[in-house]
Amino acid sequence: MSICSCLSAQEVSRFSFDIGGGFTQPVGNTGRHLDEGWNAGGGFGYNFNSHVGAMLDLSYNSFGINSATLQNIGFPGGDVHMLSATIDPIVHLNPKGHLDVYVIGGGGLYHRYQEFTQPSVATVTAFDPFFGGFFPVTVPTTEILSSYSVNKPGVNIGAGVALGTKWHGKFFAEARYHRMFISDRHTDYIPVTFGFRW
């Protein structure tokens with residue numbers, strides 16, 4: 001009996017790691033002001049058993065502010081960036097199979113940084129070895145006209161599929177709904193992420 005229990009325990013790796021990236025769709029009121037963006041992130045997890053674990057996830061999402069919003073407020077350009085650190089329980093429905101379906105969700109701290117910009121130019125000093133000297137060069141750049149950042153709690157929930165073996169890791173694809181609570185101006189978005197978990 002104890003031998004069986006020991007073998008069963010060894011079948012589950014206690015720790016897991018993942019890394020991934022993909023595209024992010026702003027939704028709700030957020031979707032009326034922002035363009036589709038992109039995401040990147042990674043996580044570290046602990047498996048209580050083959051079906052249940054918990055992940056510490058770090059995620060970065062970047063969006064452009066859409067042209068209609070920029071025209072209304074009178075800025076030529078702008079971006080919104082979201083950084084989150086969340087603790088997310090994860091439940092695997094078929095952890096020992098080649099195709100696993102899982103549900104994940106939780107909450108944590110969200111950081112939102114937004115900036116309004118305009119195209120500009122800057123003068124830098126360059127060196128040309130052929131002519132043997134330094135000279136000024138004008139290069140295109142982006143000037144930040146205004147910026148704002150805020151830290152607030154948030155939650156997320158979603159699901160995914162993972163393909164591979166439990167011994168060598170699995171490729172995964174998942175979608176999660178995120179909400180950062182900012183009084184009456186919640187930030188809502190759905191990252192679709194593709195990555196690898198081992």
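A residue is called buried under 20% relative accessible area, exposed over 50% and partly exposed in between, with a 1.4 Å probe and protein chains only. The model is predicted, so local features need pLDDT of at least 70 and side-chain atom pairs count only at pLDDT 80 or more, while totals for chains, interfaces and linings use all residues. Residues are numbered from 1 along each chain as its sequence is written, and side-chain values use heavy atoms, with hydrogens and water left out.

By this scale Tyr102 is buried, with a relative accessible area of 0%. Tyr102 belongs to strand β5 (residues 99-128). Strands (E, at least two residues) and helices (H or I, at least four) are DSSP runs, numbered from the N terminus. Contact means heavy atoms within 4.5 Å. Leaving out residues up to four places away in sequence, Tyr102 touches Ile90, Val91 and His92. Its other partners are Ala159, Gly160, Val161, Ala162, Phe172, Ala173, Glu174 and Arg197. With Glu174 there is also a side-chain to side-chain polar contact of 2.6 Å. A polar contact is a pair of N or O atoms within 3.5 Å; within protein, one must be able to donate a hydrogen and the other to accept it, and residues adjacent in sequence count only if both atoms are side-chain atoms. Tyr102 and Glu174 are 72 residues apart along the chain, and their C-alpha atoms are separated by 8.9 Å.

Glu174 also appears at the enclosed space of the model. Rolling a probe the size of a water molecule over the atoms shows where empty space is left. The search uses a 1 Å grid over the protein atoms alone. A cavity is a set of points where a 1.4 Å probe fits but cannot get out. A pocket is an open set with protein on both sides within 12 Å along at least five of seven lines. Lining residues have an atom within 4 Å of a point. Grid points are joined across faces, edges and corners, and a volume is the space filled by probe spheres set on the points.

The structure holds 1 cavity of 30 Å³ or more. The largest cavity contains about 220 Å³ of space. Its lining has 19 residues, and Leu58, Ser59, Glu174, Arg176 and Thr193 lie nearest its centre. Two or more lining residues come from each of β1 (15-26), β2 (37-47), β3 (52-64), β4 (77-92), β7 (169-180) and β8 (187-197). By class, the lining has 5 nonpolar, 9 polar and 5 charged residues. Here Ala, Val, Leu, Ile, Met, Phe, Trp, Tyr, Cys and Pro count as nonpolar, Asp, Glu, Lys and Arg as charged, and the others, Gly among them, as polar.

The second largest pocket has a volume of about 290 Å³. It is lined by 14 residues, with His33, Leu34, Arg112, Gln114 and Arg185 closest to its centre. The elements α2 (28-31), α3 (67-73) and β5 each give two or more residues to this lining. β5 gives the most, with 3 residues. The lining of this pocket divides into 5 nonpolar, 7 polar and 2 charged residues.

In soluble globular proteins, nonpolar side chains tend to be buried together. A nonpolar core is a set of buried Ala, Val, Leu, Ile, Met, Phe, Trp, Tyr and Cys residues joined through side-chain atoms within 4.5 Å. The largest such core has 12 residues, including Leu34, Phe63, Tyr110, Phe116, Met180 and Tyr189. β4 and β5 are the elements that give two or more residues to this core. A second, separate core of 6 residues includes Met55, Ile90, Tyr102 and Ile104. In the largest core, Phe116 has contacts beyond four places in sequence that include Ile65, Leu70, Ile73 and Phe75.

Two residues of strand β1 contrast in exposure. Ser16 lies in β1 and counts as buried at 7% relative accessibility. Beyond four places in sequence, Ser16 is in contact with Gly43, Phe44, Gly45, Asn47, Met55 and Trp198. Gln25 is also in β1, but is partly exposed at 34%. Its contacts, on the same terms, are Glu36, Tyr189 and Ile190.

Asp188 is found in strand β8 and is buried at 6% relative accessibility. The side chain of Asp188 makes polar contacts with the side chains of Tyr177 at 2.8 Å and Arg179 at 2.7 Å.
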